[in-house]
Amino acid sequence: AIKDINVETTFIDFVLNSNHCREYIHIEQKDHNTYTPILTAARYGNLRILKHLIDKYNPNIQAQTIHGYNLFHCAILSKDKCTIELLDTIKLLGVDINVFGAENNTFNKNQTPLTLAICYRSSFEIIKHLVELGADIITTNDREYNPNGDKYSNYRSQSHLFKAIELNDDDDNYQIFNYLIEACPKSYTIPFKSILIRQFSD
């Protein structure tokens, strides 16, 4: 029901509060994909229901799926239903915008919400807003880029952002590429530019 953008909150309340359903359905109940009700609401861009569930049932806002997806990841997965308002709502809840997905996620291993947004070709506005909300551009698997280390091993092997951009090296992604370069911390700018510009010019 939560997947339906038009579902009535009264129906959601009836199901969650019904004596017949309470043993099997509750606010932390996970479906076969390990999504709780609030994760499902975010996954389908249902902001109205997400707010209702949070206001009335006090769910665990840090919940994650078996693949490590939190509310930010799920909002990105809603694709064109992901809005600035949805992201702002999740941010105000105190959800970690830089959490990594799980190691066991075959297709999106260790991805942060920003990396996932790039891989799923989210709009420039959504990606820009993620950065404005605090998404870390220079993020690696458990450690930051070492400016004194080998830049290719750091970026090509470890940087999830670089891997995501590598998957989307087309003209439509160029605006995002330029924005990320400009938003990149100054201490990382030179190696980041040199490697990514080379990638786009190949």
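Here are a few exercises, each with a worked solution, to help you find your way around this predicted model.

**Exercise 1: Get the overall picture**

Work out how many helices and strands the protein has, and how much of it is buried.

*Solution.* Start with the elements: the protein has eleven helices and zero strands. Reading from the N terminus, you get α-α-α-α-α-α-α-α-α-α-α. Next, look at burial: of the 202 residues, 50% are buried. Finally, check how contacts span the sequence. Take the contacts between residues at least 6 apart in sequence, and 65% of them join residues at least 24 apart.

**Exercise 2: Pair up H7 and H10**

Find the angle at which H7 and H10 cross, then decide whether the two are roughly parallel, antiparallel, perpendicular or oblique.

*Solution.* First locate the helices: H7 covers residues 124-132 and H10 covers residues 174-183. Their axes come within 10 Å and cross at roughly 15 degrees. Angles under 35 degrees count as roughly parallel, so H7 is roughly parallel to H10. As for handedness, this crossing of H7 and H10 is right-handed.

Now look at who meets whom. H7 brings Phe124, Ile127, Lys128, Val131 and Glu132, while H10 brings Gln175, Ile176, Tyr179, Leu180 and Ala183. Sort the residues of this H7 and H10 contact by class and you get seven nonpolar, one polar and two charged.

**Exercise 3: Do the same for H5 and H7**

Find which residues of H5 meet which residues of H7, and how the two helices are oriented.

*Solution.* H5 spans residues 84-92, and its axis comes within 10 Å of that of H7, crossing at roughly 20 degrees. That angle is under the 35 degree cut-off, so H5 and H7 are roughly parallel to each other. The crossing of H5 and H7 is right-handed.

On the H5 side you'll find Ile84, Leu87 and Asp88, and on the H7 side Glu125, Ile126, His129 and Leu130. By class, the H5 and H7 contact counts four nonpolar, one polar and two charged residues.

**Exercise 4: Follow Tyr35 and Thr65**

Place Tyr35 and Thr65 in their loops, and settle whether each is buried or exposed.

*Solution.* Take Tyr35 to begin with. It sits in the loop between H1 (9-17) and H2 (37-43). Its relative accessibility is 13%, so Tyr35 counts as buried. Setting aside neighbours within four places in sequence, Tyr35 is in contact with Gln29, Lys30, Thr40, Arg43, Thr65, Tyr69, Cys74 and Leu77. For a sense of distance, Tyr35 and Ala63 are 28 residues apart in sequence, yet 8.5 Å apart in space from C-alpha to C-alpha.

Thr65 is on that contact list, so let's go there. Thr65 belongs to the loop between H3 (47-57) and H4 (71-77). With 7% relative accessibility, Thr65 is buried too. Again leaving out neighbours within four places, Thr65 is in contact with Asn33, Thr34, Tyr35 and Leu39.

**Exercise 5: Explore around Ala135**

Find the loop that holds Ala135 and the residues that Ala135 touches.

*Solution.* Ala135 is in the loop between H7 and H8 (151-158). Its relative accessible area is 7%, so Ala135 is buried. Not counting residues up to four places away, Ala135 touches Ile97, Asn98, Leu114 and Leu130. Pro113 is 22 residues from Ala135 in sequence, and their C-alpha atoms are 7.8 Å apart.

**Exercise 6: Hunt for positive phi**

Find where Lys79 and Arg121 lie, and what phi each takes.

*Solution.* Lys79 is in the loop between H4 and H5. Although Lys79 isn't a glycine, its phi is positive, at about 55 degrees. With 51% relative accessibility, Lys79 counts as exposed. Arg121 lies in the loop between H6 (113-119) and H7. Arg121 isn't a glycine either, and has a positive phi of about 55 degrees. For one more, go to the end of H3: just after this helix, Asn58 takes a positive phi of about 50 degrees.

**Exercise 7: Check the cysteines**

Work out how many disulfides the structure holds, and whether Cys74 and Cys119 are buried or exposed.

*Solution.* The disulfide count is zero. Cys74 has a relative accessible area of 0%, so Cys74 is buried. For Cys119 the value is 19%, and buried means under 20%, so Cys119 is buried as well.

Key: Residues numbered from 1 in each chain as written. Predicted model: local features only at pLDDT ≥ 70, side-chain atom pairs only at ≥ 80, totals over all residues. Heavy atoms only, no water. Axes fitted to C-alpha atoms, helices over the stretch in contact; angles between N-to-C directions. Helix = DSSP H or I, 4+ residues; strand = E, 2+ residues; numbered from the N terminus. Parallel < 35°, antiparallel > 145°, perpendicular 65-115°, else oblique. Left-handed = near helix turned anticlockwise from the far one by under 90°. Contact = heavy atoms within 4.5 Å. Nonpolar A, V, L, I, M, F, W, Y, C, P; charged D, E, K, R; others polar. Buried < 20%, exposed > 50% of the residue type's maximum accessible area, 1.4 Å probe, protein only. Disulfide = S-S within 2.5 Å.
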